[in-house]
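Open the model in a viewer and keep the sequence panel visible. The stops below each begin with something to select.

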Amino acid sequence: MPVTTTPQGTPIWRLRTTRAQWLGYLAWLGGISLFLLCWKVISDNTMWVFVEDAGRQGSDLVSRMLPPQWSYAQRLWKPMWDTLNIATLGTLLGIAMAFPVAFLAARNTSPHPLVRSAALVIIVSSRSINSLIWAMLLVTILGPGVLAGIIAIALRSIGFVGKLLYEAIEEIHPTPVEAISATGASRMQVLNYGVLPQVLPAFAGISVYRWDINIRESTVLGLVGAGGIGLQLNAAINSLAWSQVSVIFLMIFATVLVSEWISARVRHAII
C-alpha cells in the first residue's frame, strides 16, 4: 500500500485502488513483453556460432596488436594535429552558429513563435544526424579532406550547444530582466545586460564540454575520408597492420585523456 507522511512525520497508509493495481500490473506486463520481443528479434538476427567463438577471435586479435610498432608513431603527429584542428575549428564554427539560434529558440527571448519554431527545427535537425553521417555527406559534396570534417563537426555542434544554451536562457531569473526593462531599455540592451550575464558561465561550460566531445568524434571522421587520424586508422585496419592499429588506439586514448583533463580544469575555473 502507498504511504505518505504528515508535516509532523506521521505515516498515513492509503489503500491502493483496484484500478491502480491493475494499471501497475499491466505496465509490468507490457515492459516484460516488450523486453522479450526485443530479445527474440535480436536473437533471430544473431549468428550465435560467431558469438561463441568471439573470445578466441578477440584474444587472437589482441595478440596480433602486441607489441605496438612504436616507430609508426612518428607518422601520426601530423594527422593527430589535423584531428585537433578539426575538433577546435569545428567547435568554434558550431558555437558561432548556435549562439544566435539559441536566443531565437528560447521562449523568453524569441521575437516570434514562428521564428522559435524555425530555430527549434534547426536544433533538432542538427542533433538528429550524427557527425559521421554529416561527414559522409560533406565528403561527397566537398571532397575528402579536413574542410569536410570541420563543417561536419560544426553542424553537429549546433544542436548540442543550441539546445543546452536555450534551456539555460529559459531558466534565467526574471528579476534583472524586469528591472532593466522598467528603465525603458531597448530589447538589445535587455539581452545585453539582463540575459547575457546570467547565461555566459553556462555557455562557456557548454562550449568547453562540446569541444571535449568533438575531439573524440573527430578521431573517426577519417574513416569516411574527412581527414585526421581516422585516415591512418582506416588504412592500418584495411592492411591488417594490427601493430600499427594499437599505436593509433593508444595515441587516441592519450589525446582524449588530456582533452578530458583540460576541459575539466577549464569548466572548474569558469563555473
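With which residue does Glu-167 form a salt bridge? Select Glu-167 and Lys-163: the two form a salt bridge, and their closest N and O atoms are 2.9 Å apart. A salt bridge here is a side-chain nitrogen of Lys or Arg within 4 Å of a carboxyl oxygen of Asp or Glu. Glu-167 and Lys-163 are four residues apart in helix H7, so about one helical turn separates them. Glu-167 counts as partly exposed because its relative accessibility is 29%, and Lys-163 is partly exposed at 24%. The classes are buried (under 20% relative accessible area), exposed (over 50%) and partly exposed in between, with a 1.4 Å probe and protein chains only. Next, select Arg-107, Arg-116 and Glu-170, which are joined into one network by salt bridges that share partners. By this rule there are eight salt bridges in the count.

**Before going on**

This is a predicted model, in which local features need pLDDT of at least 70 and side-chain atom pairs count only at pLDDT 80 or more, while totals for chains, interfaces and linings use all residues. Residues are numbered from 1 along each chain as its sequence is written, and side-chain values use heavy atoms, with hydrogens and water left out.

Colour by pLDDT, the predictor's confidence in each residue from 0 to 100. The protein averages 83, and 93% of the residues score at least 70. Confidence is lowest in strand S1 (residues 3–5), with a mean of 56, and highest in H4, with 90. Where pLDDT is low, the predicted coordinates should not be read in detail.

**The whole chain**

Zoom out and switch to a cartoon. The secondary structure comes to 11 helices and two strands, in the order β-β-α-α-α-α-α-α-α-α-α-α-α along the sequence. Helices (H or I, at least four residues) and strands (E, at least two) are DSSP runs, numbered from the N terminus.

Colour residues 3–49 as domain 1 and residues 74–270 as domain 2; these bounds come from an automatic or database domain assignment. The C-alpha centres of the two domains lie 38 Å apart. Along the principal axes, the C-alpha atoms fill a box of roughly 65 × 60 × 40 Å. The radius of gyration is 26 Å, whereas a compact globule of 271 residues would have one near 18 Å. That radius is taken over C-alpha atoms, and the globule rule is 2.2 Å times the number of residues to the power 0.38. Of the 271 residues, 35% count as buried. Among contacts with a separation of 6 or more, residues 24 or more positions apart account for 70%; a contact means heavy atoms within 4.5 Å.

**Helix H1**

Select Asp-44 and Lys-40, both in helix H1 (residues 18–44), four residues apart, or about one turn of the helix. They form a salt bridge, with the closest N and O atoms 2.8 Å apart. Asp-44 counts as exposed because its relative accessibility is 52%.

**The loop before H4**

Move to Pro-67, in the loop between helix H3 (54–65) and H4. The peptide bond from Leu-66 to Pro-67 is cis, with omega near -5°.

**Helix H4**

Select Asp-82 and Lys-78, which both lie in helix H4, four residues apart. Their side chains meet in a salt bridge of 3.1 Å, N to O. Are the two partners buried or exposed? Asp-82 counts as buried at 16% relative accessibility, while Lys-78 counts as exposed at 53%.

Trp-81 is also in helix H4 (residues 77–105), and counts as exposed at 51%. Add Ile-215: Trp-81 and Ile-215 are 134 residues apart in sequence and 11 Å apart in space, C-alpha to C-alpha.

**Back to helix H7**

Select Arg-156 in helix H7 (residues 146–170). Which side chain of opposite charge is nearest to Arg-156? It is Glu-217, 4.4 Å away, and Arg-156 is buried yet has no salt bridge. For charge, Lys and Arg count as positive and Asp and Glu as negative; His and the chain ends are not counted. Show the surroundings: leaving out residues up to four places away in sequence, Arg-156 touches residues including Ser-126, Arg-127, Trp-134, Arg-210 and Glu-217.

**Last stop**

Finish at Leu-240, in the loop between helix H10 (229–238) and helix H11 (242–270). Its phi is near 60°, a positive value in a residue other than glycine. Leu-240 is exposed, with a relative accessible area of 57%.
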